[in-house]
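Hi everyone, thanks for making time. I'll walk you through a structure that is new to most of you, so have it open while I talk.

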Amino acid sequence: MDDVTTGEPLIVLDSVNKWFGPLHVLDDVSLSVGRGEVVVVIGPSGSGKSTLCRTINRLEPINSGTITFDGQALPAEGKPLAKLRSEVGMVFQSFNLFAHKTILENVTLGPVKVRREKPAAARERGLALLDRVGIANQAGKFPAQLSGGQQQRAAIARALAMQPKAMLFDEPTSALDPEMVGEVLDVMTSLARDGMTMVVVTHEMGFARHAANRVIFMADGKLVEDAAPTEFFANPRSERAKDFLSKILTH
Amino acid sequence: MDVFTDPKNFEAYVSGFLWILKLTGASAVCALVLGVLLAAMRVSPVPVLRGFGAGWVNIFRNTPLTLVIFFCYFGLYSTLGLSLSQELDLNRYWLGVIGLSTYTAAFVCEAIRSGINTVPTGQAEAARAIGLSFAQTLRIVVLPQAARSVIAPFGSILIALCKNATIVGTIGLMESSNVMKDLINSYGNAVILIFLVFAGTFAALLIPTGYFFGWLANKLAVKR
């Protein structure tokens, strides 16, 4: 895939360290993600890839290093942080749709309460987004009434409703039944084609191959490899990555 | 058998329970408001507020209610001169409401906090991730879901509050238990009857309350 990066990078992590007690979960991680770039983060469980993803909108605070989003250092707390979060969409492994709100209310909540958009306008745009992810006919239902794949697509629509500058995906298909993985990956692939900046933590190697600009391989809190997908899958440089790929690609 | 046929006694009986209902109603409202604020403090990111909430709960949950009510009367009123009404009974009533509310708010706070813990952390994370503030996250996403699992414990707290209201009798308000004591003193031959009538009235008020809250909790149970 061509290098789509233009201008200054959108997300920059510089020497980021984080500990959970004695566990060094992010070990001197530096990474930059350009505008429109799709970066897939893979690695064994416990490698810190989810934590890395969650530090970018500060759901996980870091112990040292700096994270810059769109030219600005991440704010520590309060209103500036809330504003930054509203510009970074996040999709979780367990969907986390608001259980007491309908699908449409889930999608319009942010625009109405954070952006102060008019409810009617937010509703119209929300319905268009639900249509885009293929679940417009589920708008009036509650999350528990939807399948996992539908819930995750609704969660993507909820994040998109904020018109984010970048989207973070934290293992978006790991909690799904196998037959529902495809419908979610399809939505993500179309987002990638439309030029959305994406950081995707996933075990879906197919998605990494065909939609990513870069693959990041993490192990033991360290960023071990950073390469184009074709290069990474054909010639992993590190022993750790070779070992990982041999385990997941032999089946 | 003429205890309750004497209109004077009957009137005392009715007004005794009216005091109980008024004490319960006003204290329930105050304790609910106070309890929500305390719970918000206890889950807030501000350490001073968290400490204040924890302090309140630890003090009032672990102090006998009789002491709290005594303090309101002998401390706040007799010593510090806090008078809430010229009328003696009304003054006792409001002092009672203060005592019952501060005490019950500690239990309301803990019920809400455990309700908040039943809401998966992902709900609050998703709320923060779309840019909602702490207050918005609590008000729009967490508390409405916590409320549903808090309904049943609220029922128990309300029932306890109604029975606890009789303790305001210790500072001289002629609520039901004080009326009962007077009647027993005057009608030594009808002790069992008097006791059964007063206990029966409490049961008649509180058993439906319990069922109502149980029904409400089921009705509002959140689907996941």
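Before I start, one term: a residue is called buried when its relative accessible area is under 20%. And keep in mind that what you're looking at is a predicted model.

Okay, chain B to begin with. How much of chain B is buried? Of its 224 residues, 44% are buried. As for secondary structure, you'll find eight helices and zero strands in chain B. So the pattern along the sequence reads α-α-α-α-α-α-α-α, based on how helices and strands are assigned. Put a box around the C-alpha atoms of chain B, along the principal axes, and you get roughly 70 × 45 × 25 Å.

Now, who touches whom inside that chain? Take the contacts in chain B with a separation of 6 or more: 74% of them come from residues 24 or more positions apart.

On to the outside. Chain B has an accessible surface of about 11200 Å², and carbon and sulfur atoms hold 69% of that. For charges, count 15 positive and 9 negative side chains in chain B, with the centres of the two sets 20 Å apart.

Next up, the interface. Chain B puts 19 residues into the contact and chain A puts in 23. Between them the two chains bury about 1800 Å², with 63% of it on carbon and sulfur atoms. How many salt bridges does the rule find across this interface? Just one salt bridge turns up between chain B and chain A. If you want to find it, look for R54(A) and E125(B), whose closest N and O atoms are 2.6 Å apart.

Let's move over to chain A and zoom in on T51(A), which sits in helix α1, residues 49-55. Is T51(A) buried or exposed? Its relative accessible area is 10%, so T51(A) counts as buried. Leaving out residues up to four places away in sequence, T51(A) touches K18(A), F20(A), V25(A), L26(A) and E60(A).

Last stop: helix α3 of chain A, residues 103-113. Why call this helix largely enclosed by the rest of the structure? Because eight of its eleven residues are buried. Among them are I103(A), L104(A), V107(A) and L109(A). And what covers those buried residues? Part of the cover comes from chain A, including α4 (119-132) and α5 (148-160), and chain B joins in with α6 (134-164).

That's my tour, so over to you for questions.

How values were computed: Residues are numbered from 1 along each chain as its sequence is written. Chains are lettered from A and ligands numbered from 1 in the order in which they are written. This is a predicted model: local features need pLDDT of at least 70, side-chain atom pairs count only at pLDDT 80 or more; totals for chains, interfaces and linings use all residues. Side-chain values use heavy atoms; hydrogens and water are left out. Helices (H or I, at least four residues) and strands (E, at least two) are DSSP runs, numbered from the N terminus. Buried means under 20% relative accessible area, exposed over 50%, partly exposed in between (1.4 Å probe, protein chains only). Contact means heavy atoms within 4.5 Å. Accessible areas come from the Shrake-Rupley method with a 1.4 Å probe; for residues, only the protein chains shown count as cover. Lys and Arg count as positive and Asp and Glu as negative; His and the chain ends are not counted. The place of a charge is taken as NZ of Lys, CZ of Arg, CG of Asp or CD of Glu. Buried area is the accessible area (1.4 Å probe) that two parts lose on being put together, summed over both. A salt bridge is a side-chain nitrogen of Lys or Arg within 4 Å of a carboxyl oxygen of Asp or Glu.
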